[in-house]
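Colleague: Could you put the model up? I'd like to go through it with you.

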Amino acid sequence: MCKGCSKHFCVDDLMKHREELKLQFHQIEDQRNQFAQTLDDEKNNHPLIQQITQWERISIEKIRQTAEEQRNLIQQYAQTIQVKLRSVTEEMEKTVKKKDFNEIILKKLQIQLEDLKNQLYQTDYIEIKQDSSSTFINKLFINITSTTTHLKWKQQATTIAGGNGRGNQLNQFNLPYGIYVDDQQQTIYVADFANHRIIKWKFGEKYGEVAAGGNGPGNRIDQLTYPRSVILDRNKKSLIVCDLGNRRVVQWSLENQNDRQILIEDISCYGLMMNNKGDLFVSDYERNEVKRWKKDEKQGTIVAGGNGNGDELNQLNYPGHIFVDQEDSIYILDRANHRVMKWLKGAKEGIIVAGGQGEGNSLKQLSYPQGLFVNENGDVFVADFSNHRVMCWPLDSKEGHVVVGGNGQGEGSNQLRYPRGLVFDRANNLYVVDSENHRIQRFDVDTN
């Protein structure tokens, strides 16, 4: 029997079979050698290197052209001074002919000559300024990333915040909801829903601290009521919070605790996200829509849903967390429809990218999904709330696979109980809001 194909041969045929396999091996070896040679050649001739060379050539040409234009301006300016100098020269020649030398004429000529020198050299008359408001040559970036597509995560999590039972102490949570990771500061921010506060928790610490709210439920500007989501604004100097119980979105400064303001009113907000331009996107689960607010905009623009409650492709049913990619496509947890929708920028209806097969626990189904993250490849990660697991739907896949959890609800390190939020850090470690275990779990990348 051949161990590879499990077929049976007589001795002679087995020898022939092995020779055929040996020949196939040498063919693969030849392919490897050819590819190794190609790889050596491509180090200097890779299409991207050619693009970089082209960028360099165009950029140098732009610099040359601009420098030539500016040199011409200086030369033209110098010519105007030359014309003025001629008039001084002519006046001096007249003085010589007339032999009319006196202090007044000499002083006048001296002043004119000094003025021309100043016009040529001093920055009061001419200077070079660099326009910092415009980009002369776009920067070039080569971004080689390690995506989450082919990664796996350790199934045993580490509790990095909470995990000390339900409560309102600084080492406890009471039904945490949303989460935001600040890689730079090695900190997470957690919407501590039933404690009406946002907790800031540094990695490695045993206790968190109140970053917003914490003054009991209420509608004063220093209070929150059932906050569901929290993000950092683009300059990372303030928090933006979905203050659900007060039907508003508020901003809390991280530098001045007395600096707070209401950004949006009369909204049943659930999910928040900000794009690279500083536009704020908010899901409204009562109106079944997602709106975009540009800076200082008062009304906002509907960018998804807004066609009533339903399960058609232009409708949403109790939308939750959202995710906005680099092209401003919006991914929405369409919770009561047990699906994730993607709305391209400017689209009138969405595309189902996860779930949408009714409520259930098969690999094609979700049950009231909560947390949401989409990687740069378009793979969708979902906190599958009632199935106590985190799922991943690869781009264009008809079904997902379990990433972590899925071992029944419980408080073990490989279990979750109603997860509500998830996010990744720069190292692709996965953070899950294990809501009814009142803790934040980190599942590290499995490097093996």
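Modeller: First, the surface: the protein chain exposes about 26500 Å², and carbon and sulfur atoms supply 48% of that. Bear in mind that this is a predicted model.

Colleague: Fine. How many helices and strands does the protein chain have?

Modeller: The protein chain has 3 helices and 24 strands. Its radius of gyration is 34 Å, well over the 22 Å from the globule rule for 448 residues, so the chain is more spread out than a compact globule.

Colleague: And what box do the C-alpha atoms fill?

Modeller: Along the principal axes, the C-alpha atoms of the protein chain fill a box of roughly 120 × 85 × 45 Å.

Colleague: What share of the residues is buried?

Modeller: Of the 448 residues in the protein chain, 42% are buried. As for contacts with a separation of 6 or more, 45% of them are between residues 24 or more positions apart.

Colleague: Charges? How many positive and negative side chains are there?

Modeller: There are 57 positive and 60 negative side chains in the protein chain, and the centres of the two sets lie 3 Å apart.

Colleague: Let's go to the strands. How many residues of S16 are buried?

Modeller: S16 covers residues 339-343, and 5 of its 5 residues are buried. Arg339, Met341 and Trp343 point one way from the strand, while Val340 and Lys342 point the other way.

Colleague: So Arg339 and Lys342, buried or exposed?

Modeller: Both are buried, and they point opposite ways from S16.

Colleague: Which strands does S16 pair with?

Modeller: S15, residues 330-334, pairs with S16 in the antiparallel sense over 5 bridges. S17, residues 351-355, also pairs with S16 in the antiparallel sense, over 4 bridges.

Colleague: Which residues stand opposite Lys342 and Arg339?

Modeller: Lys342 is the bridge partner of Tyr331. Arg339 stands opposite Gly355 in S17.

Colleague: What about the turn between S15 and S16?

Modeller: The two strands form a hairpin with 4 residues between them, and His338 in the turn has a positive phi of about 55°.

Colleague: You mentioned Gly355. What else is in contact with it, say from the loop after S17?

Modeller: Lys364 is in contact with Gly355. Lys364 lies in the loop between S17 and S18, the latter being residues 372-374. Leaving aside neighbours within four places in sequence, Lys364 is also in contact with Gln357, Trp393, Lys398 and Glu399.

Colleague: How exposed is Lys364?

Modeller: Lys364 is partly exposed, with a relative accessible area of 43%. Its C-alpha is 8.7 Å from that of His401, and the two residues are 37 apart in sequence.

Colleague: Change of topic. How many residues of S22 are buried?

Modeller: S22 is residues 419-424, and 6 of the 6 are buried, so the strand is largely enclosed by the rest of the structure. S22 runs antiparallel to S23, residues 430-434, and 5 bridges join them. Leu422 stands opposite Val432 in S23.

Colleague: Which residue has a positive phi in that hairpin?

Modeller: Asn428, near 70°, and the hairpin of S22 and S23 has 5 residues between the strands.

Colleague: Now S3 to S5. How are S3 and S4 paired?

Modeller: S3, residues 187-192, and S4, residues 197-202, pair in the antiparallel sense over 6 bridges. Their hairpin has 4 residues between the strands, and His196 takes a positive phi near 55°.

Colleague: And S4 with S5?

Modeller: S4 and S5, residues 209-213, run antiparallel and are joined by 4 bridges. They form a hairpin with 6 residues between them, where Gly204 in the turn has a positive phi of about 90°.

Colleague: What are the bridge partners of Ile198?

Modeller: Ile198 in S4 is the bridge partner of Ala191. In S5, the bridge partner of Ile198 is Ala212.

Colleague: Last one, Gln261. Where is it, and what is it in contact with?

Modeller: Gln261 is in S9, residues 260-265. Apart from neighbours within four places in sequence, Gln261 is in contact with Ile221, Val250 and Gln251. Gln261 and Ile221 are 40 residues apart in sequence, with their C-alpha atoms 7.2 Å apart.

Colleague: What is the relative accessible area of Gln261?

Modeller: It is 38%, so Gln261 is partly exposed.

Conventions: Residues numbered from 1 in each chain as written. Predicted model: local features only at pLDDT ≥ 70, side-chain atom pairs only at ≥ 80, totals over all residues. Heavy atoms only, no water. Rg over C-alpha atoms; globule rule 2.2 N^0.38 Å. Buried < 20%, exposed > 50% of the residue type's maximum accessible area, 1.4 Å probe, protein only. Contact = heavy atoms within 4.5 Å. Areas by Shrake-Rupley, 256 points an atom, 1.4 Å probe, with all protein chains shown as cover. Lys, Arg positive; Asp, Glu negative; His and termini not counted. Charge placed at Lys NZ, Arg CZ, Asp CG, Glu CD. Pairing = 2+ DSSP bridges.
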